[in-house]
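Reader: I have a protein model open on my screen and I'm not sure how to read it. Could you walk me through it, one feature at a time?

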Amino acid sequence: MPLLKIQTNVEVPAASRGALLKQASDAVAGALGKPEQYVMVSLEHNPDMLFGGDGRSLAYLELKSIGLPSPSRSCFSFQNAISKLRAR
């Protein structure tokens with residue numbers, strides 16, 4: 001079962017959370033070639049976070065799965081899908 005864990009120090013409005021989770025679930029399923037019914041996505045927003053000593057807007061994504069396709073293919077597909085999410 002693929003799991004995408006998203007942590008961000010940015011407030012995600014309640015009205016946007018469902019759509020974000022669904023889009024992320026679609027992205028993971030597509031990038032990994034797995035049925036979406038087995039994909040889990042978790043969103044944690046507004047924790048205290050720093051990167052490089054700076055607390056500006058940031059996100060940490062962690063993807064775990066058994067039986068990933070070749071790393072170069074899955075990383076590239078996933079990177080493209082997440083970039084599209086970020087643009088929204």
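Author: Sure, let's begin with one residue and its company. Leaving aside neighbours within four places in sequence, Ser 25 is in contact with Glu 36, Val 39 and Val 41. Keep in mind that this is a predicted model.

Reader: Where does Ser 25 lie, and is Ser 25 buried or exposed?

Author: Ser 25 lies in helix H1. Buried means under 20% relative accessible area, so Ser 25, at 8%, counts as buried. The side chain of Ser 25 also has a polar contact of 2.7 Å with the side chain of Glu 36.

Reader: And what does Val 39 touch?

Author: Not counting residues up to four places away in sequence, Val 39 touches Pro 2, Ser 25, Val 28 and Ala 29.

Reader: Let me zoom out. How many helices and strands are there in the protein?

Author: You'll find two helices and three strands. Reading from the N terminus, the elements run β-α-β-β-α.

Reader: How do I read the sheet? What is the order of the strands?

Author: For a sheet, look at the order of the strands and then at how they pair. Here the three strands form an open sheet in the order S2-S1-S3, and the pairing is mixed. S2 (40-45) and S3 (59-64) stand at the edges with a single partner strand each, so one side of each has no neighbour in the sheet. On average, neighbouring strands of this sheet are turned by 10° against each other, direction ignored.

Reader: How many bridges join S1 to S3?

Author: Six bridges join S1 (residues 3-8) to S3, and the two run antiparallel. To see one spot along that pair, find Gln 7, which stands opposite Tyr 60 in S3.

Reader: Where does helix H1 lie?

Author: Helix H1 (residues 14-32) lies across S1, S2 and S3, and it runs at about 135° to S2.

Reader: Which residues make up the largest nonpolar core?

Author: Eight residues do: Leu 4, Ile 6, Ala 24, Val 28, Ala 29, Leu 32, Val 39 and Val 41. S1 and H1 each supply at least two residues of this core, and H1 gives the most, with four.

Reader: What share of the protein's residues is buried?

Author: Buried residues make up 28% of the 88 residues. As for the outside, the protein exposes about 5,900 Å², and carbon and sulfur atoms supply 56% of that.

Reader: How do I tell whether contacts link parts that lie far along the chain from each other?

Author: Take the contacts between residues at least 6 apart in sequence and ask how many reach further. Here 76% of them join residues at least 24 apart. For a single example, Leu 58 and Val 10 are 48 residues apart in sequence, but 7.2 Å apart in space, C-alpha to C-alpha.

Reader: Where is Leu 58, and what does Leu 58 touch?

Author: Leu 58 sits in the loop between S2 and S3. At 17% relative accessibility, Leu 58 counts as buried. Not counting residues up to four places away in sequence, Leu 58 touches Gln 7, Thr 8, Asn 9, Val 10, Met 49, Leu 50 and Phe 51.

Reader: Asn 9 is on that list. What does the side chain of Asn 9 reach?

Author: The side chain of Asn 9 reaches the backbone oxygen of Arg 56 at 3.1 Å and the backbone nitrogen of Leu 58 at 2.8 Å. Asn 9 is in the loop between S1 and H1, and Asn 9 is buried, with a relative accessible area of 16%. Beyond its neighbours within four places in sequence, Asn 9 has contacts including Asn 46, Pro 47 and Met 49.

Reader: Why would anyone check the phi of a residue?

Author: Most residues other than glycine have a negative phi, so a positive one is worth a look. Asn 46 is such a case, with a phi near 75°. Asn 46 is found in the loop between S2 and S3 and, at 41% relative accessibility, counts as partly exposed.

Reader: One more: is Glu 44 buried or partly exposed?

Author: Glu 44, in strand S2, counts as partly exposed at 35% relative accessibility. Not counting residues up to four places away in sequence, Glu 44 touches Ile 6, Gln 7 and Thr 8. Glu 44 and Asn 9 are 35 residues apart in sequence and 8.5 Å apart in space, C-alpha to C-alpha.

Conventions. Residues numbered from 1 in each chain as written. Predicted model: local features only at pLDDT ≥ 70, side-chain atom pairs only at ≥ 80, totals over all residues. Heavy atoms only, no water. Pairing = 2+ DSSP bridges. Axes fitted to C-alpha atoms, helices over the stretch in contact; angles between N-to-C directions. Contact = heavy atoms within 4.5 Å. Buried < 20%, exposed > 50% of the residue type's maximum accessible area, 1.4 Å probe, protein only. Areas by Shrake-Rupley, 256 points an atom, 1.4 Å probe, with all protein chains shown as cover. Core = buried A, V, L, I, M, F, W, Y, C linked by side-chain atoms within 4.5 Å. Polar contact = N/O pair within 3.5 Å; in protein donor to acceptor, adjacent residues only side chain to side chain.
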